Amino acid sequence: DVVAAARRNNVRFQLIAGDATAPRDFQLAEETHPNALNILLIDSEGPASGRPLPLVSRRGDWDESRAQGVGDEQIHLMVQVMETWFLADRDALGQYYGRAFRENRLPANPRIEDISKGDVLNGLKEATRETTKGRYHKTKHAPALLAKINTDKVRGAAPHCERLFQTLEAAITGGEQGSIE
């Protein structure tokens, strides 16, 4: 478990969000916390292959002049959206939403990172439409679902998630003490 390993190695996690977009907040964290391992975790919003930094640098909210020294190991993608991770643990979805949850309305592709953003979100809304919690809603349901999903299942189904965890584990067990932001 990443959190337990961090505690054993005296590494702390600090989530930083400000008034700007995630890429700009990340760039600010790079400037204000230069000795930390700052990591940007962001939706790819579509298919992703190759290096993540060029994909993020094409966004309108990325300031190239502030990107000196940022490496691909600091940029991590949720492909194609964060909700994709939920598809890896359908049991957790069923437990959260209850008996009216309709798993058969979710996209069936086991290669979850190949499922388009629209199909992921529409599938979640349709599968949850008749539940007592109502249709999937990002701000109402995502935090609880993220806490419920089995990270091993997500890591096994989503190569980009596995890459994130490998980066975190290497930083934690690398013998360096400090913080990850």
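This report describes the nonpolar cores and one helix pair of a predicted model.

## The largest nonpolar core

The largest nonpolar core comprises 34 residues, and Trp85, Phe86, Leu93 and Tyr136 are the members that touch the most others. At least two residues of this core come from each of the following helices: H1 (2-8), H4 (90-97), H5 (117-128), H6 (138-148) and H8 (159-173). The contribution of H8, five residues, is the most that is given to this core.

Trp85 may be considered in more detail. Leaving aside residues up to four places away in sequence, Trp85 touches Leu41, Met78, Leu146, Ile149, Val154, Ala158, Cys161 and Leu164.

## A second core

Separate from the core described above is a second one, made up of 13 residues. Among them are Phe26, Leu55, Val56 and Ala67. As a general background, nonpolar side chains tend to be buried together in soluble globular proteins.

## The packing of H4 and H6

Helices H4 and H6, which each supply at least two residues of the largest core, also pack together, with an angle of about 130° and axes 10 Å apart. Because of this angle, H4 is oblique to H6. The crossing in which H4 passes H6 is right-handed.

On the H4 side, the contact is formed by Ala92, Leu93, Gln95, Tyr96 and Tyr97. On the H6 side, Lys140, His141, Ala144, Leu145 and Lys148 take part. By character, the residues of this contact between H4 and H6 comprise six nonpolar, two polar and two charged. Leu93 of H4, which takes part in this contact, is also one of the residues that touch the most other members of the largest core.

Conventions:
Residues numbered from 1 in each chain as written. Predicted model: local features only at pLDDT ≥ 70, side-chain atom pairs only at ≥ 80, totals over all residues. Heavy atoms only, no water. Core = buried A, V, L, I, M, F, W, Y, C linked by side-chain atoms within 4.5 Å. Buried < 20%, exposed > 50% of the residue type's maximum accessible area, 1.4 Å probe, protein only. Helix = DSSP H or I, 4+ residues; strand = E, 2+ residues; numbered from the N terminus. Contact = heavy atoms within 4.5 Å. Axes fitted to C-alpha atoms, helices over the stretch in contact; angles between N-to-C directions. Parallel < 35°, antiparallel > 145°, perpendicular 65-115°, else oblique. Left-handed = near helix turned anticlockwise from the far one by under 90°. Nonpolar A, V, L, I, M, F, W, Y, C, P; charged D, E, K, R; others polar.
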